[in-house]
Amino acid sequence: MIEALLREWTGETVVLRYDRPTGAWIFIAVHSTRLGPAVGGTRIKSYPDVRAALQDACRLAEGMTFKFAGPGLPYGGGKAVIALPSDFDPQARPALLRRYGALVHQLGGLYCTAPDVGTSADDMDIIAETGAPYVFGCTLAGGGAGPTGPATALGVFTGMQVACERLFGEASLKGRRVLVQGTGSVGRALIEYLRAAGAQVAFSEVDEGAIRRFRDELGLQFVPPGAVYTVECDILAPCALGAVLNADTIPQLKCQAVVGGANNQLAEAQDAERLQARGILYAPDYVVNVGGAMFGLGVETRGWTRERAEQEVVESVRRALRQVFELASTEGITTAAAAQQIAGERLSATVQSA
Ligand code: PHE
């Protein structure tokens, strides 16, 4: 039940709204405002039930708290989920986004939104009609930083270089076999970086059009969704949905490292130990996928140029992931625990000085 879910959750507040005209449920989870206003994307999709949607919002919001705390960004963790009914009429979408924007506006800055799975920069423009100034990641024409997926991919790519450095003694991805799961805004851009670096790229995808594009036009190896966890490769890059690393999949993995853009890749905390026991190097998701947020927020609130923002993403992810790997090996803990320790220190340091 949802009572248990919220009782166990470590976050601050959940705002919920039933959108009567469409039958959609809106959840805005504010996990922490310790370091600043809660920021996080809006995820739009269908869920098996309302509880699953709420749980996703809560877990994702927590991830955002750690994502911002790690590199010391002055934001708290939040996330919104709009759970669509199975019979949702796409024509009702713009009006739903405007009502959602009005809700975000009403919160007066407690939570600021941005793109996530199922939402784009174009959607942010519509949400901003009613939600401004609490909307990040609008299009360039709409006064925003434009799509943030490519910057997320740049950070993930940098994370892969750090993983290669650790595993093979050199950062280059040339000739490395990388399997990218999901060719959405992040996966697609990541594939470009990998190809340019001379990696051997395979991909997995469920959308027929995307499969044709990447397999037939780019000539990349296609791995059917059912085979993702058994393919031999150097790096597996989850860039679709969460919880893909779990008690079922980890024993099957034939990769040396996992470095991807998806949020909440571990189904539960013990999965970090399962990976470690199998000798698989795990780059904690929020450490390497901070690029989109860092880029979008840097360009929109700090006046960074795009080049400066990209440079910050590369340097910050490189520094942070090296530190995580170092700490994990010196303390003999998992990389997930190391990342949590680093972010946790920042969160508690702020409390003491407040
Ligand atoms: N979906 C992004 C993430 O998970 C959220 C984001 C994008 C936040 C752009 C701010 C700006 O990191």
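User: What is the handedness of the crossing of H5 and H6?

Analyst: Right-handed. Keep in mind that this is a predicted model. A crossing counts as right-handed if the near helix is turned clockwise from the far one by less than a right angle, and H5 and H6 cross that way.

User: Why is H5 called oblique to H6?

Analyst: Take the angle. The axes of H5 (residues 149-168) and H6 (residues 185-196) cross at roughly 50°. Roughly parallel is for angles under 35 degrees, and roughly perpendicular is for 65 to 115. An angle of roughly 50° fits neither, so H5 is oblique to H6. The axes also come within 8 Å.

User: Which residues make the contact of H5 with H6?

Analyst: On the H5 side, Gly149, Pro150, Thr152, Ala153, Leu154, Val156, Phe157 and Met160 take part. H6 brings Ser185, Val186, Ala189, Leu190, Tyr193 and Leu194.

User: How many of those residues are nonpolar, polar and charged?

Analyst: There are 11 nonpolar, three polar and no charged residues in that contact. Gly counts as polar, so Gly149 goes in the polar group.

User: What makes the largest cavity a cavity and not a pocket?

Analyst: A cavity is a set of points where a 1.4 Å probe fits but cannot get out, while a pocket is an open set. The structure holds one cavity of 30 Å³ or more. The largest cavity, with a volume of about 40 Å³, is lined by Leu73, Tyr75, Met294, Leu297, Gly298, Thr301, Arg302 and Trp304.

User: Why does the lining of the largest cavity have one charged residue?

Analyst: Asp, Glu, Lys and Arg count as charged, and the list includes Arg302. So Arg302 is the charged one, beside five nonpolar and two polar residues.

User: What is the volume of the largest pocket, and which residues are closest to its centre?

Analyst: The largest pocket has a volume of about 920 Å³. It is lined by 42 residues, and Pro115, Asp116, Val117, Ser185 and Val186 are the closest to its centre. The largest share of the lining, five residues, comes from E3. By class, the lining has 16 nonpolar, 19 polar and seven charged residues.

User: Which helix gives the largest share of the lining of the second largest pocket?

Analyst: That's H2, with seven residues. The second largest pocket holds about 780 Å³ of space. Of its 29 lining residues, Arg59, Glu62, Asn264, Leu266 and Ala269 lie nearest the centre. The lining divides into 15 nonpolar, seven polar and seven charged residues.

Technical notes. Residues numbered from 1 in each chain as written. Predicted model: local features only at pLDDT ≥ 70, side-chain atom pairs only at ≥ 80, totals over all residues. Heavy atoms only, no water. Axes fitted to C-alpha atoms, helices over the stretch in contact; angles between N-to-C directions. Helix = DSSP H or I, 4+ residues; strand = E, 2+ residues; numbered from the N terminus. Parallel < 35°, antiparallel > 145°, perpendicular 65-115°, else oblique. Contact = heavy atoms within 4.5 Å. 1 Å grid on protein atoms, 1.4 Å probe; cavity = no way out; pocket = protein on both sides within 12 Å on 5 of 7 lines; lining within 4 Å. Points joined across faces, edges and corners; volume = space filled by probe spheres on them.
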